[in-house]
Every structure is written in C-alpha cells, then in structure tokens.
Amino acid sequence: MKRRVELRINDENYEVEVEPHWTLLEVLRDRLGLMGTKEGCGLGACGACTVIVEDAPVLSCLTLAVDVEGKSITTIEGLSKGGALHPLQIAFANHGAIQCGFCTPGAILSSKALLDRNPHPSRKEIGSALSGNLCRCTGYKKIIDAVESQLDMIAEDLKMDPAELRLKNATRAGDTSINGLVFDSGDLPRAIIESTRHAGWHEKRERKTSCRGVGIACGGFVSGARPHRSGRPGEGGEQGRRANPAVATFSQGGGFLNP
Ligand code: FES
Ligand code: FES
C-alpha cells in the first residue's frame, strides 16, 4: 500500500506517494522526473545511480525511498547553482573525463562526497573513492585527473602553493596503486621539484605579473609489475616483470598547476 513521504532533494521538499518497495532511483526518475541519476545495472554493481544522502555516496538502486525520508539528498541536478556548473563538472569537461556521460553523474557525486570529507586526497584515495563507479569509456585516468585538478582550487583556498600540495600527495616508491600494484621505483616528487625549478615556477608566482596561468605536468609510466603466479596483488617487481612482462602500463601524476 502506498504511503506519503517527504523527501528533501537538492534543498527542495517533495511530497510523493510511494510503495514501500520502491527504490530511491525509481522515485527520482519515474516519479519526480530527475533523470540525471542513471540506472545501469540496477543491482548495486556499477555506481551509475550514485547520489549523496546526508554526506555519503549512496547507491539509489539499492536504497528504499521510505528509508531516506527527511534526509538531505543531493542528485546531479543539485550541483549547478544559478546556471553555473559546479567546479567538478567543469573539471570533468575540461579533462575529457566524459565520453558517453552515462557514468558521469555518479562519478561526480562520489568525487564530491570525497572532497567534502577530505579536501586534499591523494590519487590513491581518489581512486578508492571512485572504485565503485564503473566507466566503460574513459579508462579512469582522466576522471582521476579531473578530480585531482580540484587540488589547485583547494590550494588557492588554503593559500598554499599548488605545487607544494601536489608534492604532498605525490605517489612515492613503496606506495600501492588502487589495483594493488606496488610502485617499486619512480620519483614523482623529484619530477615535481625539478620541473618547477626548470619552469621558474616560484619566481613566476612571486612576480605575479601575468594574468595567465602556467601549467606543469609531471607523469610517469609503470609497466611490467603486476600480480603474477601467486595471484596476489602487489607482488610484481623484478620477478613479476620477468614472469609476465609488459602487461600493466598506466600513468601516474599529472595535472596543471596555476600560479
Ligand atoms: S544502477 Fe545502481 S549500482 Fe548500477
Ligand atoms: S563516460 Fe561512458 S561510461 Fe563513463
């Protein structure tokens, strides 16, 4: 039997008659016409239906509408204000982190929930926060780049040099990637230090004579280290490389810093 619930969505109150078994996803899309929340698998596996309830990312396909009565719900429609896109939406567009766009609302909302609770996450933390959001198109690097680019704005708010913030978050030898590979070499911190020195980064920041930003991108490619015979992640290194060479190649670091 239907019952009337009050839902608070994107700072607006909605009264809606729902069956007790209706999911939040069904109510958002079919009853309220908020079509920004996508239905992918409908089973809790893809993350396309992610919304924020209170401060946490939630799968709306697995959440009953009656269970979120009175709670604050944010959907992708609630992010832009007065016609202006949210900075994360701009970053996703600028970094090419959108192709078909089906996963994008969920990925942006998972990213927003992360940045709200941890304003300067490492790439690894960004990857973990997005691990429940599947994307068939972009390959994830651009999505993580887009989220990481928010560090520049955060650095500005903190009155911090964006390069210092990147240095703090840089992947170091001994760190583990989100898919369990261990970085057994590489020196991204040094790349940041050297590239800022060569670009005259600190002098340019001090001079502040130009209205134009200066970009520095640091990256690296890691290959060959992957789970091997034991099947356990993070056991690559020389042995893994010999056992199964050149099977994993990906990049780390990157981004543009605006003085
Ligand atoms: S539609 Fe909810 S997780 Fe896929
Ligand atoms: S952009 Fe197509 S699924 Fe992510």
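In strand 2, E12 is the bridge partner of I9, and this pair is a good place to enter the predicted model. Strand 1 and strand 2 (residues 12-18) pair in the antiparallel sense, with seven bridges between them. Together they make a hairpin with two residues between the strands, and N10 in the turn has a positive phi of about 50 degrees. D11 lies in the loop between strand 1 and strand 2 as well, and its phi is also positive, at about 65 degrees, although D11 is not a glycine. Such values catch the eye because most residues other than glycine have a negative phi. Is D11 buried or exposed? D11 counts as exposed because 9 other C-beta atoms lie within 10 Å, and the limit for an exposed residue is 12 or fewer.

Now let us step from the hairpin to the rest of the sheet. Strand 1 also pairs with strand 5 (residues 72-74), this time in the parallel sense and over two bridges. Here R8 stands opposite S72 of strand 5. Strand 5 is in turn joined by two bridges to strand 3, and these two strands run antiparallel. If you look for a pair of residues that marks this junction, I52 stands opposite T74 in strand 5.

Strand 3 then leads on to strand 4. The two pair in the antiparallel sense over four bridges, and V53 has A56 in strand 4 as its bridge partner. Strand 3 and strand 4 form a hairpin with two residues between them, where E54 in the turn has a positive phi of about 55 degrees.

With those pairings in hand, in what order do the strands of the open sheet lie? The five strands follow the order 2-1-5-3-4, and the pairing is mixed. Strand 2 and strand 4 are the edge strands, since each pairs on one side only. On average, neighbouring strands of this sheet are turned by 40 degrees against each other, with direction ignored.

Helices come next. Helix 3 lies across strand 3, strand 4 and strand 5, and runs at about 30 degrees to strand 3. One of its residues is a handy guide to the interior: I108 touches I76, L79, L88, Q89 and F92, leaving aside residues up to four places away in sequence. I108 is also among the residues with the most contacts inside the largest nonpolar core, together with A65, F92 and I143. That core has 41 residues. Which elements supply at least two residues each? They are strand 1 (3-9), strand 3 (50-53), strand 4 (56-59), helix 1 (24-31), helix 2 (87-94), helix 3 (104-117), helix 4 (123-129) and helix 5 (141-148). This fits a general pattern: in soluble globular proteins, nonpolar side chains tend to be buried together.

Between helix 4 and helix 5, pause at the loop that holds Y140. Phi of Y140 is near 75 degrees, a positive value in a residue other than glycine. Y140 counts as buried because it has 20 C-beta neighbours inside 10 Å, and 20 or more is what burial requires.

A second, separate core of five residues includes A163, A170, I192 and W201. A170 lies in the loop between helix 7 (162-169) and helix 8. Why does A170 count as buried? The reason is its 21 C-beta neighbours inside 10 Å. A170 and I192 are 22 residues apart in sequence, and their C-alpha atoms are 8.6 Å apart in space.

I192 brings us to helix 8 (residues 188-198), where L188, I192 and T196 are buried. These residues are on the same side of helix 8 because they cover an arc of only 70 degrees around the axis. The face turned away from that buried side carries the exposed residues E194, R197 and H198. Just after helix 8, G200 takes a positive phi of about 65 degrees.

Finally, take a look at the whole chain. It has ten helices and seven strands, and 37% of its 259 residues are buried. Of the contacts with a separation of 6 or more, 59% are between residues 24 or more positions apart.

Terms used:
Residues numbered from 1 in each chain as written. Chains lettered and ligands numbered in written order. Predicted model: local features only at pLDDT ≥ 70, side-chain atom pairs only at ≥ 80, totals over all residues. Arc of directions from axis to C-beta. Core = buried A, V, L, I, M, F, W, Y, C linked by C-beta atoms within 7 Å. Contact = placed C-beta atoms within 7 Å. Pairing = 2+ DSSP bridges. Axes fitted to C-alpha atoms, helices over the stretch in contact; angles between N-to-C directions.
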